Amino acid sequence: MPRAHAEFRFYEELNDFLAAELRQRDFPVEVDRARSVKDAIESVGVPHTEVDLILVDGNSVDFAHLLRGGERVAVYPMFERLDISPVVRLRPLPLRDPRFVADVHLGKLARHLRMAGFDVLWDNAWDDDEIVRTASLQRRTILTRDKGMLRRREVERGYFVRATESGAQLAEVLRALQLETRVAPFTRCRVCNSLLEDVPKAAVLDRLPEKVRSFYDRFKRCPGCERVYWEGTHYERMKKMVSDTISAQRDLCAGALGRVPPIQ
Ligand SMILES: [Zn+2]
């Protein structure tokens, strides 16, 4: 007896996960009379965390929807910027409380994101299990360069970081997760992730380098690791990265979709 198939089409950057011969076209996926749409999607290499909308014969469905053969399935990426407001998205969007846990390879990105004010856990001693467990216990989004981690069943939110250089990664994450308007520099410790506290200049004077003492008047202190912060070079560099990202985004929004770089 012939096996049942559903006809799939993946849109935008989801194509990056597909084998070359399956990109940008319709193709059949075996469903054998009853297979969840989530399972079918992952069988061709697309992590479910990258998917935001699934239409089966034009109707939006959730991951558990069973395919029995003969359906047409359209799969759209997370944070797709097309206006799809009348249909059901698979998870709330954008992130209302963006909090992250970054994988072991993304230490620099974690520090950049903290500089931009975001809550990012990162520890180079954490293995994949620890990262996945922390993410699900604390409802955090996993940032990773490891597609395999995002295919795990327990992972609810995750983002596969395409760029390899940390500045480009920051720009990519801000853009892809639509975080540009939530940037709050000079609020969080880049080393230990604690929220910074205001501190009078007089209280930290003896800890400041000569140049800093004469050039800056606003200071913050980290209650976690006691580091003192001022709006110096790190801060300026980060502010420029963020404003470059926002202006690049503005150019793209003139009609095109915000594309992320292809997977290396
Ligand atoms: Zn700290």
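Where does serine 194 lie? Serine 194 sits in the loop that runs between helix 5 and strand 12 (197-199). Keep in mind that you're looking at a predicted model. That loop residue makes a handy starting point, since its contacts lead on to the metal site.

Start with who touches serine 194. If you set aside the neighbours within four places in sequence, serine 194 is in contact with Thr187, Arg188, Cys189, Cys222, Pro223 and Gly224. Take the last of these: serine 194 and glycine 224 are 30 residues apart in sequence, yet their C-alpha atoms are 5.8 Å apart in space.

Two of those contacts, Cys189 and Cys222, are among the residues that hold the zinc ion. The full set of donors is Cys189, Cys192, Cys222 and Cys225, each through SG, at 2.3 Å. Along the chain, the donor residues follow the spacing C-x2-C-x29-C-x2-C. For four tetrahedral donors the ideal angle at a metal is 109.5 degrees. Here the angles among the four donor atoms run from 95 to 122 degrees, and the site is tetrahedral.

How exposed are the donors? Cysteine 189 has a relative accessible area of 0%, so it counts as buried. Cysteine 192 comes out at 31%, and therefore as partly exposed, because that value falls between the 20% and 50% cut-offs.

Just past the last cysteine of the site comes a backbone oddity. Most residues other than glycine have a negative phi. Glutamate 226, however, has a positive phi near 70 degrees without being a glycine. Glutamate 226 belongs to the loop between strand 13 (219-221) and strand 14 (228-229), and with a relative accessible area of 43% it is partly exposed.

Elsewhere in the chain, arginine 139 does something similar: this non-glycine residue has a positive phi of about 50 degrees. Look for arginine 139 in the loop between helix 3 (128-137) and strand 10 (141-144). At 57% relative accessible area, arginine 139 is exposed.

Now go back to helix 5, which leads into the loop of serine 194, and look at how it packs. Two packed helices are described by the angle between their axes and the distance between the axes. Helix 5 (residues 166-176) packs against helix 2 (residues 107-115) at an angle of about 55 degrees, with the axes 9 Å apart. The two helices are therefore oblique to each other, and helix 2 passes helix 5 in a right-handed crossing. On the helix 2 side, the contact is made by Lys108, Leu109, His112 and Leu113. Helix 5 brings Ser166, Gly167, Gln169, Leu170, Val173 and Leu174.

What about the surroundings of helix 2? Seven of its nine residues are buried, so helix 2 is largely enclosed by the rest of the structure. The buried ones are Gly107, Leu109, Ala110, His112, Leu113, Arg114 and Met115. Among them, Leu109, His112 and Leu113 also take part in the contact with helix 5. After helix 2 comes glycine 117, with a positive phi near 100 degrees.

Finally, zoom out to the whole chain. The chain has eight helices and 14 strands, and buried residues make up 47% of its 264 residues. Of the contacts with a separation of 6 or more, 62% are between residues 24 or more positions apart. The pair of serine 194 and glycine 224, 30 residues apart in sequence, is one example of such a long-range contact.

How values were computed. Residues numbered from 1 in each chain as written. Predicted model: local features only at pLDDT ≥ 70, side-chain atom pairs only at ≥ 80, totals over all residues. Heavy atoms only, no water. Donors = N, O, S within 2.8 Å, 3.2 Å for Na, K, Ca; no water. Tetrahedral: all angles 85-135°; square planar, octahedral: opposite > 155°, others 65-115°. Buried < 20%, exposed > 50% of the residue type's maximum accessible area, 1.4 Å probe, protein only. Helix = DSSP H or I, 4+ residues; strand = E, 2+ residues; numbered from the N terminus. Axes fitted to C-alpha atoms, helices over the stretch in contact; angles between N-to-C directions. Parallel < 35°, antiparallel > 145°, perpendicular 65-115°, else oblique. Left-handed = near helix turned anticlockwise from the far one by under 90°. Contact = heavy atoms within 4.5 Å.
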